[in-house]
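Trainee: Could we go through this protein together, with the reasons behind each term?
Mentor: Happily; let's have it in front of us.

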Amino acid sequence: MKTPVVIKPSIPVSRFSLPRRAILSPSKKRPGTGADAVWKSRLRQHGKPGDMKHSTERMLTTHTGSLSRPPELISAMGRKERGEDYDPGEYASLVRSAVAGVVNRQLDAGVSVVCDGEQGKPSYLTYVKERLTGFETRDTDTGEDPWRGSREVLAFPEFYEWNARTRTGIVAPRKATVCSGPVTYIGQQALQTDIDNLKAALDGKSADEVFMPAISPSDIEGRQRNEHYATDEEYLYAIADAMSEEYRAIVDAGFLLQVDDPRLVTYYVSNPQASVEDCRSWAELRVEAINHALKGIPEDRIRFHTCYGINIGPRVHEMALKNIVDIMLRVNAGAYSFEAANPAHEHEWPVWETAGLPDGKVLIPGVISHSTNLVEHPELVAQRLVRYANIVGRENVIGGSDCGFSSFASSEPEIHPTVVWAKFRSMAEGARIASRELWGA
Ligand SMILES: [Zn+2]
């Protein structure tokens, strides 16, 4: 078992203290040049790279990452994913303009901490197939439905059969992939394209901060069965070693890294034979692997996101937050993003009264949900934010979304894009209301 390495001790910050960035050591990054320096300079006006920005003067907002792609991009991405002829130049241009479009719309909606909407990825998870060696596709459909055999499908088979018929239009191929060789990282160019597109989209803009999501080792392990490594642990750590290159490059580019790890909590619902204790033991090793992959990255450049996935269903068999929160907090991250806005999990906020969030760390509770087309009223958003601020301190809360709004690139995203922008505007207005209540201005 490998020992997690704590990169930097948490700096105690009492509630309602002075801005945290004032007491942190200066960034060790060398100043960049050209366009890179320009956008970092703009970023520095609000919070210099090197310190994750807290809600020190007002309530900040963010979201989980994935946003719907424009129809032209969906079409081109579909051809690319199916192995059909496509024009790489046209495709690159479509991705670039899509990233610019979603950055603009996030800022217009009033979101403080923005990202590229994962416009260039077929999904938050399967994008790594181009970035890692060691995997091959099998002509079976076993990789298609992540909920097959889950507690939810066993309890509500008729609902999920009906629901599956509505899930058309997904770009990612419905085929299983397996690990049949050594896993190494070869995604440098693809990642650099993502970084360049996001920096270009930010040129001339003023975001409080910028993040880029990347998938966790555990989710890659769960998606691709191991047929190469002697043990699951060896397989998991090989993935962690490979993905650490992507994690580090995102931070080196000046962005916050967000590690997406829905499997931390979906393992329970996906494995009806496993007890809560079984799942906790399973999760401990996965968190150790994440920390192994994050070795050398300051934890205040890292956000951790977990969720119960895209599942607009009954959701009555999911892992309770109280049963996993202590293990989640072992992830060496500066912020934790989790579901808190939907009716299956909103009641869990009292967990944070006793969970022991380390000083200086940030909670990003979902205050808008990815599993309903209802737009949350700004007053409700504000109530949710104030509730968390009263528990962990206003500067340690950032409003977020429960999950992404198009985790898989699809012509039929679960939540219509026009509704997503309305949710973002409502979240920003709710944050303004919460700011007035918490800061009095
Ligand atoms: Zn999620």
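**Two helices and their surroundings**

Mentor: In helix α8, Glu 233, Leu 236, Tyr 237, Ala 240, Met 243, Ser 244 and Tyr 247 meet Leu 285, Ala 289, His 292 and Ala 293 of α10. By class, this contact has eight nonpolar, two polar and one charged residues. Keep in mind that this is a predicted model, where local features need pLDDT of at least 70, side-chain atom pairs count only at pLDDT 80 or more, and totals for chains, interfaces and linings use all residues. Residues are numbered from 1 along each chain as its sequence is written.

Trainee: What makes two residues count as being in contact?
Mentor: Their C-beta atoms, placed from the backbone, must lie within 7 Å. By that rule, and leaving aside neighbours within four places in sequence, Tyr 247 is in contact with Ala 214, Leu 257, Ala 293, Leu 294 and Ile 297.

Trainee: Why is the crossing of α8 and α10 called right-handed?
Mentor: A crossing is right-handed if the near helix is turned clockwise from the far one by less than a right angle, and left-handed if anticlockwise. The axes of α8 and α10 cross at roughly 35° and come within 8 Å, and the crossing is right-handed. Axes are lines fitted to C-alpha atoms, for helices over the stretch in contact, with angles from 0 to 180 degrees between N-to-C directions.

Trainee: What makes a set of residues a nonpolar core?
Mentor: Its members are buried Ala, Val, Leu, Ile, Met, Phe, Trp, Tyr and Cys residues joined through C-beta atoms within 7 Å. Buried means that 20 or more other C-beta atoms lie within 10 Å of the residue's own (exposed: 12 or fewer; partly exposed: in between). The largest such core has 108 residues, and Tyr 247 is among those touching the most other members. Helix α8 gives the most to this core, with twelve residues.

Trainee: How do you know that β7 and β8 pair?
Mentor: Pairing needs at least two bridges found by DSSP. Four bridges join β7 to β8, and the two strands run parallel, so they pair by that rule. Val 259 stands opposite Phe 304 in β8.

Trainee: Why are β1 and β2 edge strands?
Mentor: The open sheet has eight strands in the order β1-β11-β10-β9-β8-β7-β5-β2. Each of β1 and β2 has a single partner strand, so one side of each is left without a neighbour in the sheet.

Notes
Ala, Val, Leu, Ile, Met, Phe, Trp, Tyr, Cys and Pro count as nonpolar, Asp, Glu, Lys and Arg as charged, and the others, Gly among them, as polar.
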